[in-house]
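My notebook is open and the viewer is running. I will jot down what I look up as I go, starting with the terms.

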Amino acid sequence: MRFTCEKSMLVMGLNITGRTVAQKSALTAIEGILCKAGTGLSLTGYNMETAITYLIDADVSDIGQCVLPAKLFGDIVRRLPEGQVTVVVDENYKVS
């Protein structure tokens, strides 16, 4: 999976979808945000009761999906410089 989008839009999407993500849970998957790259970028936060999906206009090079830890991913993106952000997830699910 590979996509490029504006940092401000990604931060906004992470803030909105992060509202429903469980802080601590026995199910680690609900502590993350589901990122789906297709015709654009879809971010989904879920806590077993409520889900929020946010769509972002993104340039997608390689389609795919993965669950990224909400807090860690959000903290990293917020510290990046303004402008375009490119996220790459390889076949071993290593994110850069």
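**Ground rules.** I call a residue buried under 20% relative accessible area, exposed over 50%, and partly exposed in between, using a 1.4 Å probe and protein chains only. This is a predicted model, so local features need pLDDT of at least 70 and side-chain atom pairs count only at pLDDT 80 or more, while totals for chains, interfaces and linings use all residues. Residues are numbered from 1 along each chain as its sequence is written, and side-chain values use heavy atoms, with hydrogens and water left out.

**Entry 1, V60.** I began with V60, which is buried because its relative accessible area is 18%. V60 sits in strand β5, residues 59-62. For helices I take DSSP runs of H or I with at least four residues, for strands runs of E with at least two, and I number both from the N terminus. Which residues does V60 touch, not counting those up to four places away in sequence? I found R2, F3, A37, G38 and G40, where contact means heavy atoms within 4.5 Å. V60 and G40 are 20 residues apart along the chain, and their C-alpha atoms are separated by 6.5 Å.

**Entry 2, the core.** Next I looked up the largest nonpolar core, and it has 24 residues. The term covers buried Ala, Val, Leu, Ile, Met, Phe, Trp, Tyr and Cys residues joined through side-chain atoms within 4.5 Å. F3, L10, C35, L41, L43 and F73 have the most contacts inside this core. At least two core residues come from each of β1 (2-6), α1 (7-17), β2 (32-37), β3 (41-46), β4 (51-56), β6 (64-69), α2 (70-79) and β7 (84-88). In soluble globular proteins, nonpolar side chains tend to be buried together. I then picked L10: leaving out residues up to four places away in sequence, L10 touches C5, L41, L43, I56, F73, V77 and V85.

**Entry 3, helix α1.** Which residues of α1 are buried? My list reads K7, L10, V11, G13, L14 and T17. Down the axis of α1, these buried residues fall within an arc of 165 degrees, so they line one face of the helix; the arc is that of the directions from the helix axis to the C-beta atoms. They pack against β1, β2, β3, β4, α2 and β7.

I checked two of them more closely. K7 made me look twice, since this lysine counts as buried at 7% relative accessibility. Beyond four places in sequence, K7 touches V77, R78, L80, P81, E82, G83 and V85. From K7 to A51, 44 residues apart along the chain, the C-alpha separation is 23 Å. T17 counts as buried at 0% relative accessibility. With the same limit on sequence neighbours, T17 touches I33, L43, T44, G45, I52, T53 and Y54.

**Entry 4, helix α2.** Here the buried residues are A70, F73, G74 and V77. Their arc, seen down the axis of α2, is within 100 degrees, so they line one face of the helix. An α-helix has 3.6 residues a turn, so residues three or four places apart point the same way. The buried residues of α2 pack against α1, β2, β6 and β7. Turned away from that buried side, the face of α2 carries the exposed residues K71, L72 and R79.

In the loop between α2 and β7 I found P81, which counts as exposed at 62% relative accessibility. The C-alpha atoms of P81 and E31 are separated by 26 Å, with the two positions 50 residues apart along the chain as a sequence offset.

**Entry 5, backbone oddities.** What is phi at M48? I read a positive value of about 75 degrees, although M48 is not a glycine. M48 is in the loop between β3 and β4. Y93, in the segment after β7, also has a positive phi, near 60 degrees, and is a residue other than glycine. Y93 counts as exposed at 60% relative accessibility.
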